[in-house]
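Reader: I am new to this structure and would like a close look at a single part of it, set in the context of the rest. Please take your time over it.

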Amino acid sequence: MKKALLILVVGFLFISCKKEGSTSTATTSTSENNTTPSDQDIIDAYTYLYGRYLVIQQENHDINVEKVGYNKIKYNPLGSAQFVNPNLDVAYLEAWIAVDATHAVILNVPKIEGRYYTAQLLDGWGEVIVNINERNFPKTPYGKFALVLKGTNPSIPSDAVKIELPSNKAKMLARVELKGTPDVAQKLQKQFTFTVPDGIKIEPPITIPEFTPKAPIAGEIFDKVEEVLNSYPDANPKAKEYQAKAIAVSKYAKTDDKAKTRIDEVIKTKAIPAFLAGAKGFGTQKGGWSVTYVAGKFGDDIMARDIINYGGLWANQIQEAIYFIGLTDSNKEPLSGDKVYEIRFPKDQLPDSAVNAFWSVTLYSVPDYRVVDNKLKRYNLNNVSNLKKNPDGSLSIWLASSLPKDAPQSNWLPTPAGKGFSLNLRLYVSKKEVLDGKWFPAPIEQK
């Protein structure tokens with residue numbers, strides 16, 4: 001990848017999204033008397049559709065490449081996951097759930113006490129439907145959960161909690177905290193099961209063109225607009241407005257080759273560059289960290305949804321997990337494995353004090369966002385890493401390709417020499433001051 005493009009992709013992947021409650025692009029609609037959409041209409045429609053296409057792409061990969069099937073749980077091996085930015089502090093399990101009007105799928109959740117867990121259900125746009133855990137279901141934190149198509153009444157067990165899905169498919173991503181005893185977590189992981197009736201009618205994934213971060217989908221995104229829009233309802237309060245634009249652009253694309261060429265040119269020269277540039281400027285940023293507070297529940301922020309689906313598909317909502325992303329140091333210089341950094345949390349601002357569950361900081365390569373191999377086989381640090389505090393009660397995390405002088409090895413995360421990297425600080429079940437934006441991680445300081 002050329003250096004300039006690499007910088008754009010890095011910025012796109014993880015510099016957080018715009019302020020909540022605002023839209024990412026202008027909302028000028030195509031006039032009913034004008035069948036030629038404006039450039040802004042094309043940009044709006046593309047940005048709106050892209051988030052859905054990223055989910056469809058993942059569904060195709062899981063079903064057609066990984067061959068995981070529907071209503072079958074994939075118990076990911078500890079320390080691995082087939083999506084970017086896996087959390088190495090949990091045992092993952094995932095599945096594509098499919099129901100119909102006359103059949104429900106029963107999710108059996110084991111009794112888990114003393115460690116974090118959640119079974120997160122998401123829709124076809126990457127929006128969180130619900131999290132099944134003791135916080136949201138205090139009276140029934142485990143047992144049977146009947147997943148049914150919204151508005152239908154299939155036969156379900158009398159002791160099952162009914163959960164309605166907005167459409168006939170949903171994604172489940174469940175997590176069980178390792179908490180220093182991975183063997184116990186793995187046993188609990190395997191106790192999540194499905195009870196699946198015979199006869200469920202399941203539509204295959206929509207066929208879409210192949211695309212990658214290096215070669216994003218362009219004008220082809222409008223080839224199957226109505227099929228894509230009809231495949232899944234959207235919780236976005238401005239969905240009808242954006243969908244009208246997408247349909248109008250799709251109809252315009254079918255008029256002649258000149259129209260198709262124009263759409264493709266607008267996307268490649270305006271929509272994608274504006275999207276990349278815009279993503280760099282959004283979100284709350286401080287000390288090298290950036291964060292968005294709309295993950296999982298995006299409202300009408302189509303830009304935020306695209307960025308999250310691209311850089312961290314299946315992100316949970318902030319009440320469950322909040323993600324602070326580090327791509328630069330406190331001077332806004334890109335993180336480099338050739339330098340030494342310290343993150344020094346004051347004694348009254350320790351990450352332990354910011355959560356009700358647990359926290360971790362994980363180091364990834366860029367631009368692929370996979371863990372970085374090193375001699376210690378250490379990819380993250382967390383609340384059970386036996387970190388050593390400084391004499392004044394503060395806590396330092398050190399980042400360098402070799403152990404910095406005077407730094408305890410227990411507090412060192414190895415970085416890739418000669419290469420860039422990124423950080424993801426995850427806080428699970430954050431306290432109110434974090435959710436309100438009053439707590440922020442200590443800055444990433446170059447030493």
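Author: Strand 3, which runs over residues 105–109, is mostly covered, with five of its five residues counted as buried; this, like everything that follows, is read from a predicted model. In a regular strand the side chains alternate between the two faces of the sheet. For strand 3, V105, L107 and V109 lie on one side and I106 and N108 on the other, and as these residues are all buried, both faces of the strand are covered.

Strand 3 also has partners in pairing. With strand 6, residues 143–149, strand 3 pairs in the antiparallel sense over five bridges, and within that pairing I106 stands opposite A146. With strand 9, residues 193–195, the sense is again antiparallel, and here there are three bridges, with N108 placed opposite T193.

A little further along the sequence, the setting can be followed through a salt bridge between E113 and K111, whose closest N and O atoms are 4.0 Å apart. E113 has a relative accessible area of 63%, and because exposed means over 50%, E113 counts as exposed. K111, at 46% relative accessibility, counts as partly exposed, since that class lies between under 20% and over 50%.

The salt bridge between K432 and D436 can be described in a similar way, with 2.5 Å between the closest N and O atoms. K432 has a relative accessible area of 59% and is therefore exposed, whereas D436, at 40%, is partly exposed. Elsewhere, salt bridges that share partners join E342, R344, D392 and K447 into one network.

A further salt bridge brings together the side chains of D41 and K245, at 3.9 Å from N to O. This pair links distant parts of the chain, for D41 belongs to helix 2, residues 39–65, while K245 belongs to helix 5, residues 239–253, and the two residues are 204 residues apart. Both D41 and K245 are buried. In total, the structure holds 21 salt bridges.

As for the chain around strand 3, its secondary structure comes to eight helices and 19 strands, and 55% of its 447 residues count as buried. Among the contacts between residues at least 6 apart in sequence, 76% join residues at least 24 apart. The accessible surface of the chain comes to about 19,500 Å², and 51% of that surface belongs to carbon and sulfur atoms.

How values were computed:
Residues are numbered from 1 along each chain as its sequence is written. This is a predicted model: local features need pLDDT of at least 70, side-chain atom pairs count only at pLDDT 80 or more; totals for chains, interfaces and linings use all residues. Side-chain values use heavy atoms; hydrogens and water are left out. Helices (H or I, at least four residues) and strands (E, at least two) are DSSP runs, numbered from the N terminus. Buried means under 20% relative accessible area, exposed over 50%, partly exposed in between (1.4 Å probe, protein chains only). Contact means heavy atoms within 4.5 Å. Accessible areas come from the Shrake-Rupley method with a 1.4 Å probe; for residues, only the protein chains shown count as cover. Two strands pair if DSSP finds at least two bridges between them.
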